[in-house]
Amino acid sequence: MTASGAEGMRRTRQRAAVLDTLGGCSEFVSAQELHALLAGSGRAVGLTTVYRALRELDRGGLVDVVRDETGERLYLRRPTDEHRHYLICRDCGRSRAVDAGAVEVWADRLAETTGFAELEHTLELSGVCGPCRSAQLCTPRPDMPGASSGRSTRSSS
């Protein structure tokens, strides 16, 4: 673990397994999804340990965290030492890192003018990605002639 915020973090076998497995994920995952991935790969790490490891990795600056529409925390291994902001698709959950330099400048300026130190912030951005939007536009309305009943034309990829 090399991120500057992780220097004092104790390296455990379980935390390394969580971080390694999370590094193989291209999209944000929940703690339960991560636990299932670990179990599927033959790594015995309890769910409570997964939650604890994710909390420590978050504090150490090694993961990015967003919340889904229900408020559940989702995790992605941070590719750099700097935290990032993401745009999340409300339909499929795809994420895309976005340039939010103006937010960082504003937060730094706010810290200076208020005298606060160690300022943290959360920026939630969500929308509907292009593929999901295209699928919505192409899905026949139920009231249209020839519309299929109960079948979705959207793919789950």
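**Exercise 1. What does the accessible surface of the protein come to, and what percentage belongs to carbon and sulfur atoms?**

Before the solution, some ground rules. This is a predicted model, so local features need pLDDT of at least 70 and side-chain atom pairs count only at pLDDT 80 or more, while totals for chains, interfaces and linings use all residues. Residues are numbered from 1 along each chain as its sequence is written, and side-chain values use heavy atoms, with hydrogens and water left out.

*Solution.*
- Step 1: accessible areas come from the Shrake-Rupley method with a 1.4 Å probe, and for residues only the protein chains shown count as cover.
- Step 2: the total is about 10500 Å², with 49% of that on carbon and sulfur atoms.
- Step 3: for the flip side, call a residue buried under 20% relative accessible area, exposed over 50%, and partly exposed in between (1.4 Å probe, protein chains only). Of the 157 residues, 29% are buried.

**Exercise 2. Work out the pattern of helices and strands along the sequence.**

*Solution.*
- Step 1: take DSSP runs, numbered from the N terminus: helices are H or I with at least four residues, strands are E with at least two.
- Step 2: count them up, and you get 5 helices and 5 strands.
- Step 3: read in order, they go α-α-α-β-β-β-β-α-β-α.
- Step 4: now look at contacts (heavy atoms within 4.5 Å). Among those with a separation of 6 or more, 48% join residues 24 or more positions apart.

**Exercise 3. Find the residues that touch the most other members of the largest nonpolar core.**

*Solution.*
- Step 1: a nonpolar core is a set of buried Ala, Val, Leu, Ile, Met, Phe, Trp, Tyr and Cys residues joined through side-chain atoms within 4.5 Å.
- Step 2: the largest one has 17 residues, and the best-connected members are Val18, Leu22, Leu34, Leu38, Val50 and Leu54.
- Step 3: α1, α2 and α3 are the elements that give two or more residues to this core.
- Step 4: zoom in on Leu54. Skipping neighbours within four places in sequence, Leu54 contacts Val18, Leu22, Ala31, Leu34, Val63 and Tyr75.
- Step 5: a separate core of 6 residues includes Phe28, Val66, Tyr86 and Ile88.

**Exercise 4. Take three of the salt bridges and place each partner.**

*Solution.*
- Step 1: side chains of opposite charge can pair when their charged atoms come close. The cut-off for a salt bridge is a side-chain nitrogen of Lys or Arg within 4 Å of a carboxyl oxygen of Asp or Glu, and the structure holds 4 of them.
- Step 2: Asp20 pairs with Arg43 at 2.8 Å, N to O. This pair links distant parts of the chain, 23 residues apart: Asp20 sits in helix α1 (residues 13-23), Arg43 in the loop between α2 (31-40) and α3 (47-59). Asp20 is partly exposed at 43%, and Arg43 is partly exposed at 32%.
- Step 3: Arg73 and Asp58 meet at 2.9 Å, N to O. Arg73 belongs to strand β2 (residues 73-77) and Asp58 to helix α3, 15 residues apart. Both count as partly exposed, with 30% for Arg73 and 27% for Asp58.
- Step 4: Glu56 and Arg59 have their closest N and O atoms 2.8 Å apart. Both lie in helix α3, 3 residues apart, about one turn of the helix. Glu56 is partly exposed at 24%, whereas Arg59 is exposed at 60%.

**Exercise 5. Locate Glu118 and describe its phi.**

*Solution.*
- Step 1: most residues other than glycine have a negative phi.
- Step 2: Glu118 has a positive phi of about 55°, despite not being a glycine.
- Step 3: Glu118 lies in the loop between α4 (101-114) and β5 (125-127), and is exposed at 78% relative accessibility.
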